[in-house]
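This report looks at helix packing, cysteines and a few individual residues. Please keep the sequence and the structure at hand while reading.

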Amino acid sequence: MFTAEQIKEKLTQVRTGADFPALAMNLKNIGVTCYETRMEDASSVYHGENGYEVFAGANYAPIVVAGKVNLEQLKVNIANHQQGKSDYFEISRQCADNGIQKWAVCLIAMTCTYIDKAGNKVLVEHIPDMPVQKPSFTVEEVKAAHSKVKSGADFPSYIKEIKALGVTHYEAYVLDGHIDYHGANGYTAKVPEKYEPLTIADTVKAGAFKAELTAHQQGKTDFLTFIRMCAETGIEKWEICMNKMTCTYFDKAGNEILVEKIPQ
């Protein structure tokens, strides 16, 4: 039966509503039959066969759910979310503002039901099937784009190129240089390790990291020098979000050390 860790791993692949059909299928494949998520704090209960349940705690500080339902605005917000125009936290807040207390997803009937504070079903939507299509990008394509990066000065043009290929977000790991590129409908292209494993420092040296990052962005250091610097200053990985055009650096404990806007 599925575990909380498996569910968390599937959820990390979701950035916008465009990823939801893939999430639903991924959860169904590990044995989830249905689940409910409360808008107050995004806590959830995942159900499986024979009464099996997994509880997931709050994902954000409590917010207030409006007492009155605004169905028309809710439909607009959902449509925008499904088109990839908002992330998970934005649609959660919008649902709360529009009087939705929770959504209930049935992976047998493949439906998502929005429920108000009185327990009334406000809206029931069918979860669309994942379209069968050729992947929008390949490992070879993203590797070719990455090979053009000589210093931090090349980074904005690199991001523009892979975004055009269909990359929605990716994670780059300092340890050995492997990168996981993600696209629509749960598609992932994994670029394998590039060098022998490095040792990531346990203690973050934020000041030194920021200074060296600035130098790299000015074209003063090459990519491998930047990688070694990240390891020495305690940076484990960075995550790129094309929707928000941000680059977020994390330490070994998963803490956000720095969030930067990507120049366009």
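Is Cys247 buried or exposed? With a relative accessible area of 3%, Cys247 is buried, and this value, like every other one in this report, is computed from a predicted model.

**Cysteines**

The structure holds zero disulfides. The sulfur of Cys230 lies 9.1 Å from the closest cysteine sulfur, that of Cys247, which is too far for a bond, given that a disulfide requires the two sulfur atoms to be within 2.5 Å. Seen from the other side, Cys247 takes part in no disulfide either, and its nearest cysteine sulfur belongs to Cys230. Cys230 counts as buried, with a relative accessibility of 0%.

**Helix pairs**

In general, two packed helices are described by the angle between their axes and the distance between those axes. Helix α5, spanning residues 139-146, packs with helix α6, residues 155-165, at an angle of about 165 degrees, and the axes are 9 Å apart; the two helices are therefore roughly antiparallel to each other, since angles over 145 degrees are counted in that way. The crossing in which α5 passes α6 is right-handed. On the α5 side the contact involves Glu141, Val142, Ala145 and His146, which meet Tyr158, Glu161, Ile162 and Leu165 in α6, and by class this contact has five nonpolar, one polar and two charged residues.

Helix α3, residues 71-82, and helix α4, residues 88-97, cross at roughly 170 degrees, with axes that come within 10 Å, and α3 and α4 are therefore also roughly antiparallel to each other. Leu74, Asn77, Ile78 and His81 of α3 make this contact together with Tyr88, Ile91, Gln94 and Cys95 of α4. By class, the contact of α3 with α4 has five nonpolar residues, three polar residues and no charged residues.

**Three buried residues**

The table lists three residues that count as buried, a class that requires a relative accessible area under 20%.

| Residue | Location | Relative accessibility |
|---|---|---|
| Met245 | loop between β10 (237-241) and β11 (246-250) | 8% |
| His146 | helix α5 | 13% |
| Thr111 | strand β5 (residues 111-116) | 18% |

What does each of these residues touch, leaving aside residues up to four places away in sequence? His146, which belongs to the α5 side of the contact with α6, touches Tyr158, Ile179, Tyr181, Lys194 and Phe223 once those sequence neighbours are left out. Tyr158 thus appears both among the contacts of His146 and among the α6 residues that meet α5.

Met245, counted in the same manner, touches Ile159, Lys163, Glu260, Lys261, Ile262 and Gln264. The C-alpha atom of Met245 is separated by 9.9 Å from that of Pro156, although these two residues are 89 residues apart along the chain.

Thr111, again without residues up to four places away in sequence, touches Ala104, Val105, Cys106, Val124, Glu125, His126 and Ile127. With a relative accessible area of 18%, Thr111 is buried, and Thr111 lies in strand β5.

Key. Residues numbered from 1 in each chain as written. Predicted model: local features only at pLDDT ≥ 70, side-chain atom pairs only at ≥ 80, totals over all residues. Heavy atoms only, no water. Axes fitted to C-alpha atoms, helices over the stretch in contact; angles between N-to-C directions. Helix = DSSP H or I, 4+ residues; strand = E, 2+ residues; numbered from the N terminus. Parallel < 35°, antiparallel > 145°, perpendicular 65-115°, else oblique. Left-handed = near helix turned anticlockwise from the far one by under 90°. Contact = heavy atoms within 4.5 Å. Nonpolar A, V, L, I, M, F, W, Y, C, P; charged D, E, K, R; others polar. Buried < 20%, exposed > 50% of the residue type's maximum accessible area, 1.4 Å probe, protein only.
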